[in-house]
Amino acid sequence: MHDASVYQPPLFSEPHAPPRPMSPAGAPAPRPSYQLSQADALHWLQGLPSDSVDLIVTDPPYESLEKHRAVGTTTRLKRSRASSNDWFPVFPNARFPELFREAYRVLKRDRHFYLFCDQETLFVAKPAAEAAGFKFWKPLVWDKLKLGMGYHYRARYEFILFFEKGKRRLADLGVPDVLQAARIRGGYPTEKPVELIEQLITQSSEPEQLVVDPFFGSGAVGVAALKHGRHFAGADVAEPALELARARLAALGEPPRRGPARGRHSGRDR
Ligand SMILES: C[S@@+](CC[C@H](N)C(=O)[O-])C[C@H]1O[C@@H](n2cnc3c(N)ncnc32)[C@H](O)[C@@H]1O
């Protein structure tokens with residue numbers, strides 16, 4: 001791994017970039033940019049400036065995933081086309097307090113933080129995030145629409161914990177706390193649907209703001225962010241994740257932000 005840089009808003013355009021849509025005032029709309037780093041989530045966050053991020057949407061590989069795998073309810077996870085080790089490392093619950101302290105520090109005031117997790121991790125993550133300073137609003141339910149695996153009532157939902165730093169109004173107060181989106185079959189392990197994340201991003205950020213995911217996996221949060229004109233920055237320890245996310249974001253046609261190494265953390269930028 002090499003040094004990676006801290007996210008900074010783009011200062012340049014690609015020399016041969018295609019024409020951009022015009023804003024209502026007649027000026028070209030700014031291009032959303034992205035930055036992907038191969039790095040440990042916590043170390044990567046530690047390299048970001050305080051009060052520099054507008055929204056965090058993330059999906060850590062929490063400890064209890066190992067339990068699901070051990071009892072064979074997530075056999076699909078053993079055969080990832082994106083992982084050479086069959087499975088990615090878990091992020092220990094013991095590291096949550098420090099992770100949430102960093103998440104709170106890098107978020108600007110009056111901003112939101114969404115954390116994907118299961119019913120077991122909820123009880124660990126909620127108090128740890130509150131201790132870091134976040135207000136916990138509620139768990140949102142992601143309804144996957146189709147039956148999953150399991151033996152005691154088969155799985156059809158996942159939680160998305162909804163936290164706030166300061167006070168922020170959602171864009172649409174009519175959206176329910178059950179969000180529907182079909183699960184992804186055969187993708188990256190635990191890949192989240194872009195249309196689900198789009199709902200979170202449009203509710204809790206504005207165009208040209210910076211959305212961050214320190215465990216980006218297949219890059220679904222980045223895809224949703226760029227689709228809605230937000231900048232994106234993220235990290236993942238796994239090389240296959242980096243390659244996959246890089247390909248998905250490049251396919252959207254936006255230039256990555258490249259820059260000199262500035263961060264305190266180790267990692268590799270793409
Ligand atoms: C649950 S997956 C994220 C899936 C993603 N939301 C998607 O839709 O594709 C968790 C990711 O965290 C990565 N990971 C594991 N430990 C990490 C760490 N310490 N720091 C950063 N990323 C880590 C794994 O490689 C994996 O890609």
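**Figure 1. Glu 120 is partly exposed in this predicted model.** Around Glu 120, 15 other C-beta atoms lie within 10 Å. That count makes the residue partly exposed because burial takes 20 or more such atoms and exposure 12 or fewer. Glu 120 belongs to helix 4, which covers residues 119–132. Glu 63 is 57 residues away from Glu 120 along the chain, yet the C-alpha atoms of the two are separated by 9.4 Å.

**Figure 2. Overview of the chain, with seven helices and nine strands.** The chain has 270 residues, and 41% of them are buried. Among contacts with a separation of 6 or more, 77% join residues 24 or more positions apart.

**Figure 3. The largest nonpolar core has 63 residues.** The members that touch the most other members are Val 57, Leu 115, Ile 197 and Val 211. Leaving aside residues up to four places away in sequence, Val 57 touches Tyr 114, Ile 197, Leu 200, Ile 201, Val 211, Asp 213 and Val 221. Of these partners, Ile 197, Leu 200 and Ile 201 are buried residues of helix 5.

**Figure 4. Helix 5 (residues 194–204) and its cover.** The buried residues of helix 5 are Val 194, Leu 196, Ile 197, Leu 200, Ile 201, Gln 203 and Ser 204. An α-helix has 3.6 residues a turn, so residues three or four places apart point the same way. Strands that cover the buried residues of helix 5 include strand 2 (53–58), strand 3 (107–117), strand 4 (135–143), strand 6 (178–180) and strand 7 (210–213). Helix 6 is also part of this cover.

**Figure 5. Helix 7 (residues 239–251) has the length expected for its residue count.** Its 13 residues should span 18 Å at 1.5 Å a residue, and the end C-alpha atoms are 18 Å apart, so the two values agree. Ala 241, Leu 242, Leu 244, Ala 245 and Leu 249 are buried in helix 7. The buried residues of this helix pack against strand 1 (34–38), helix 6 (220–227) and strand 8 (231–236). Gly 253, just after helix 7, has a positive phi of about 85°.

**Figure 6. The ligand is surrounded by 21 residues.** The closest of them are Ala 41, Phe 88, Gly 217, Ser 218 and Ala 238. By class, 13 residues of the shell are nonpolar, three are polar and five are charged.

Conventions
Residues numbered from 1 in each chain as written. Predicted model: local features only at pLDDT ≥ 70, side-chain atom pairs only at ≥ 80, totals over all residues. Helix = DSSP H or I, 4+ residues; strand = E, 2+ residues; numbered from the N terminus. Expected span 1.5 Å × (residues − 1). Contact = placed C-beta atoms within 7 Å. Near = placed C-beta within 6 Å. Nonpolar A, V, L, I, M, F, W, Y, C, P; charged D, E, K, R; others polar. Core = buried A, V, L, I, M, F, W, Y, C linked by C-beta atoms within 7 Å.
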